[in-house]
Amino acid sequence: MASSWWRWRRCCSWRPPARSPGSGSPGRAGLSGLRAATAAAAAARAQMSYFNLVKSLTSAFPNMYSISRFHHMTPAVCCCSKTRSGEKYTDPFNLGWRDLKGLYEDIRKELFISTTELKEMCEYYFDGKGKAFRPIIVVLMARACNIHHNNSRNVQASQRAIALIAEMIHTASLVHDDVIDDASSRRGKHTVNKIWGEKKAVLAGDLILSAASIALARIGNTAVVSILTQVIEDLVRGEFLQLGSKENENERFAHYLEKTFKKTASLIANSCKALIDDVLDFTSCSDRMGKPTSADLKLGLATGPVLFACQQFPEMNAMIMRRFSSPGDVDRARQYVLQSDGVQQTTYLAQRYCREAVREISKLRPSPERDALIQLSEIVLTRDK
């Protein structure tokens, strides 16, 4: 397992010259077997998340099938492959949105609140300006699974309800994250905590989560409830992991991978997306991101690009342990990352997860929805905001 990680590391042959922003030449540190084990474990957990999602989608309607039925063997494809369904292919977002018309109106109906201020706070992010990435994945997967089973393209009401619940859980976590991070902007506008204060923002996030729980219970399927409540638990555990740090360099990378898996819920495609978010924190501008860049460093977080850069610039270890709290730490760390191959290595790791996602999705029978899911895996890698 250690050798497989080392082979993966060596696959990326491009290496920029490493030069310190200050005086002296930085040293290099080798990668260990523990990192190989954590990467493999993260990939395995990500694959399991795919099957958990499939289980929740198929159990949301009466004809429950064994998970082994999904192993319809079709040729595996890579991230950038062409579609193979033989049918006319459309944009994945357009394909998904046809089942999500009225998404935000339906969510607002779930948030039945009499208090004007609380209602305004809870509906603040349900303004139709988000990407709705999770609901789109859910309905596309629902259609792909239905086609795989019985050639039915209809998305059932309980399956669509899962899409709404996923967006509500995600949004509640955003409200809480902004409080923890003391964030002032999201999606190009002020955060809930910036406008109404931290205490009210926490209550608003709690209310959204409770409304999602009521909608989840209404589905009436214990398997679905169990799977989606695991997502909530993962989000909380992931946030706790993010608040902590590891002194040992190898444990630190394992910590990062576990945090990434838990904080991005139980969708394999989102494991890839989270890594790309970390890359964009160094490569995109604030205007495009809708939130300040270098935000993770300012919060004291060591993400993938930082951890990879630390291999070339060991002096970053001290900055990581003090969570970039000393004057000049954030700027110096950013320069180290940009002069290392940390961004490239993190991108390559995201591509690896993308290939795993495509390999699993390709086990479903060919359909436009399956192709759209494959396309989405590529989109999360190439986006710039």
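Where is the place of Ser-377? Ser-377 sits in helix H19, residues 368–382; helices here are DSSP runs of H or I with at least four residues, strands are E runs of at least two, and both are numbered from the N terminus. This is a predicted model, with residues numbered from 1 along each chain as its sequence is written. Local features need pLDDT of at least 70, side-chain atom pairs count only at pLDDT 80 or more, totals for chains, interfaces and linings use all residues, and side-chain values use heavy atoms, with hydrogens and water left out.

Back to Ser-377: it is buried, with a relative accessible area of 3% (buried is under 20%, exposed over 50%, partly exposed in between, with a 1.4 Å probe and protein chains only). Leaving aside residues up to four places away in sequence, Ser-377 touches Cys-354, Ala-357, Val-358 and Ile-361, where contact means heavy atoms within 4.5 Å.

Zooming out, the protein has 19 helices and two strands. Of its 385 residues, 54% count as buried. Among contacts between residues at least 6 apart in sequence, 76% join residues at least 24 apart.

Now for the largest nonpolar core, a set of buried Ala, Val, Leu, Ile, Met, Phe, Trp, Tyr and Cys residues joined through side-chain atoms within 4.5 Å. Of its 83 residues, Leu-111, Val-306 and Met-316 touch the most other members. H7 gives the most to this core, with 10 residues. Not counting residues up to four places away in sequence, Leu-111 has contacts that include Phe-126, Met-168 and Leu-207.

In helix H4 (103–110), Leu-103, Tyr-104 and Ile-107 are buried. Seen down the axis of H4, the buried residues fall within an arc of 90° (taken from the directions from the axis to the C-beta atoms), so they line one face of the helix. Their cover includes the helices below.

| Helix | Residues |
|---|---|
| H3 | 92–97 |
| H6 | 133–150 |
| H7 | 157–181 |

What about empty space? There are four cavities of 30 Å³ or more in the whole structure; on a 1 Å grid over the protein atoms alone, a cavity is a set of points where a 1.4 Å probe fits but cannot get out, and lining residues have an atom within 4 Å of a point. The largest has a volume of about 170 Å³, meaning the space filled by probe spheres set on the points, which are joined across faces, edges and corners. It is lined by 16 residues, with Gln-242, Gly-244, His-255, Leu-301 and Ala-302 nearest its centre. H11 supplies the largest share of that lining, four residues.

Notes. On a 1 Å grid over the protein atoms alone, a cavity is a set of points where a 1.4 Å probe fits but cannot get out, and a pocket is an open set with protein on both sides within 12 Å along at least five of seven lines; lining residues have an atom within 4 Å of a point.
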